[in-house]
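Work through the exercises below with the structure in view. Each task is followed by a solution in steps.

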Amino acid sequence: MAGTAESARISARLNELYERHRSQDETRVASYYASGRGYYPPAEAGEERDRFAICLATVGGELYTAGDHDVPFPLQSISKVFAYALALGDHRLEDVLARVGVEPSGDAFNSIVFDERHHRPYNPMVNAGALVTTDLVRGSSSTRKLERLLGLMQVCAGDSALHVDERTVGREIRSADRNRATAYLMRAERMLDGDVEDLLKLYLHQCSVQVSCAQLAVMAATLANGCVNPITGERALPRPLARDVLSVMYTCGMYDAAGQWAYEVGVPAKSGVSGGILAVVPGKLGIGVWSPGLDVYGNSVRGVDVCYEIADRLGLHVFAGDDEDAVLGSGTPGEARPSVTSETPSIAPRQDRRPRAGRHRT
């Protein structure tokens with residue numbers, strides 16, 4: 001458990017982060033998303049512009065919150081993490097790999113593109129791959145499969161009240177043509193078997209699980225803690241699965257911005273179009289950020305910025321040394337990240353990493 005001084009330092013860092021990012025750069029917000037409505041331009045946004053929360057949960061069982069930490073929102077694509085984890089728990093690794101790969105696709109999350117060489121979706125973090133992992137979850141019926149998926153999420157969040165929002169499900173089903181087309185194409189190519197409509201409903205139910213930012217941070221901390229919830233002490237899955245899940249999150253969790261994310265932010269993460277980001281610093285803490293304004297990649301603008309600062313400026317990049325950790329350790333915060341514009345990606349290259357004039361890299 002954190003001591004009084006350590007808790008005060010973490011709270012101060014968190015509140016500083018929250019205040020630094022309360023003012024959002026609207027030029028970088030490409031869209032917002034709502035179930036049934038789909039993507040809509042920033043000009044049509046209302047109070048969701050100001051929705052924002054950051055939460056940190058340590059592997060020692062401490063939870064720190066700032067902002068709208070208790071407001072529920074649907075997991076959306078973040079649910080793919082838990083479907084993949086459960087599929088790995090239900091099957092041998094080689095059997096899962098035969099159905100879905102672990103390579104970054106370089107395409108958007110909803111691309112209808114497959115790994116033609118191996119005849120499978122590229123990874124479980126894009127929609128096509130998530131349909132496969134949801135299909136791989138064992139259960140005598142769709143109801144039983146959903147119970148198991150929801151049960152895993154409840155253990156990871158430490159809250160048995162976690163539930164599916166049926167209104168969100170209904171709205172998603174009515175606007176699921178692209179996922180439906182993907183699923184039917186995959187069945188035609190023998191990547192899926194069985195009833196496509198049942199599978200699609202199960203997938204959209206898992207995406208419609210309601211969480212708060214605080215619960216998201218605890219779910220992330222469970223993965224950081226080797227699949228043991230650090231608050232309840234309950235084991236969610238066997239420890240080796242954490243390594244496999246986090247590896248795929250690290251390389252594939254942020255869609256077509258995944259490579260830049262791994263380089264600049266350097267922590268396993270998964271985003272969702274509702275504005276949530278779940279990020280994991282293995283062995284240390286889980287991060288939950290929620291802000292609905294999305295960038296061109298479909299990732300939360302504030303969420304990306306916050307994770308960048310936690311990992312880089314505050315020294316929690318997975319390859320940073322313990323002496324750089326300015327959140328849980330005694331490191332000193334680095335320089336603030338450079339500003340970005342609407343023409344640059346959300347994760348801007350730092351000035352000190354740009355080649356100097358007259359120098360060449362080999």
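**Exercise 1. Decide whether T168 is buried or exposed, and find its surroundings.**

Step 1. T168 has a relative accessible area of 5%, so T168 is buried; buried means under 20% relative accessible area, exposed over 50%, and partly exposed in between, with a 1.4 Å probe and protein chains only.

Step 2. T168 lies in helix α6, residues 166-174. Helices here are DSSP runs of H or I with at least four residues, strands are runs of E with at least two, and both are numbered from the N terminus.

Step 3. When neighbours within four places in sequence are set aside, T168 touches S35, P74, S208 and Q210; contact means heavy atoms within 4.5 Å.

Before going on, note that the model is predicted: local features need pLDDT of at least 70, side-chain atom pairs count only at pLDDT 80 or more, and totals for chains, interfaces and linings use all residues. Residues are numbered from 1 along each chain as its sequence is written, and side-chain values use heavy atoms, with hydrogens and water left out.

**Exercise 2. Locate the buried residues of α1 and say how they are placed around the axis.**

Step 1. Helix α1 covers residues 4-21, 18 residues in total, and its first and last C-alpha are 26 Å apart, close to the expected 26 Å. The expected span is 1.5 Å times one less than the number of residues.

Step 2. S7, I10, R13, L14, L17, Y18 and H21 are the buried residues of α1. They lie on the same side of α1 because they cover an arc of only 135° around the axis, the arc being that of the directions from the helix axis to the C-beta atoms.

Step 3. T4 and A5, on the other side of α1, are exposed.

**Exercise 3. Describe how α2 packs against α4 and against α10.**

Step 1. Two packed helices are described by the angle between their axes and the distance between the axes. Axes are lines fitted to C-alpha atoms, for helices over the stretch in contact, and angles run from 0 to 180 degrees between N-to-C directions.

Step 2. Helix α2 (residues 79-90) packs on helix α4 (residues 127-136) at about 45°, and the axes are 8 Å apart. This angle makes α2 oblique to α4; angles under 35 degrees count as roughly parallel, over 145 as roughly antiparallel, 65 to 115 as roughly perpendicular, and the rest as oblique.

Step 3. The crossing of α2 and α4 is left-handed, that is, the near helix is turned anticlockwise from the far one by less than a right angle, while clockwise would be right-handed. K80, A83, Y84, A87 and D90 of α2 meet N127, A130, T133, T134 and L136 of α4.

Step 4. With helix α10 (residues 240-252), the axis of α2 crosses at roughly 140° and comes within 10 Å. Here too α2 is oblique to its partner, α10. This crossing of α2 and α10 is right-handed.

Step 5. On the α2 side, V81, Y84, A85, L88 and G89 meet L241, D244, V245, V248 and M249 of α10.

**Exercise 4. Find how many residues of α8 are buried.**

Step 1. Helix α8 spans residues 196-207 and has twelve residues.

Step 2. Nine of the twelve are buried, so α8 is largely enclosed by the rest of the structure. Among them are V196, L199 and Y203.
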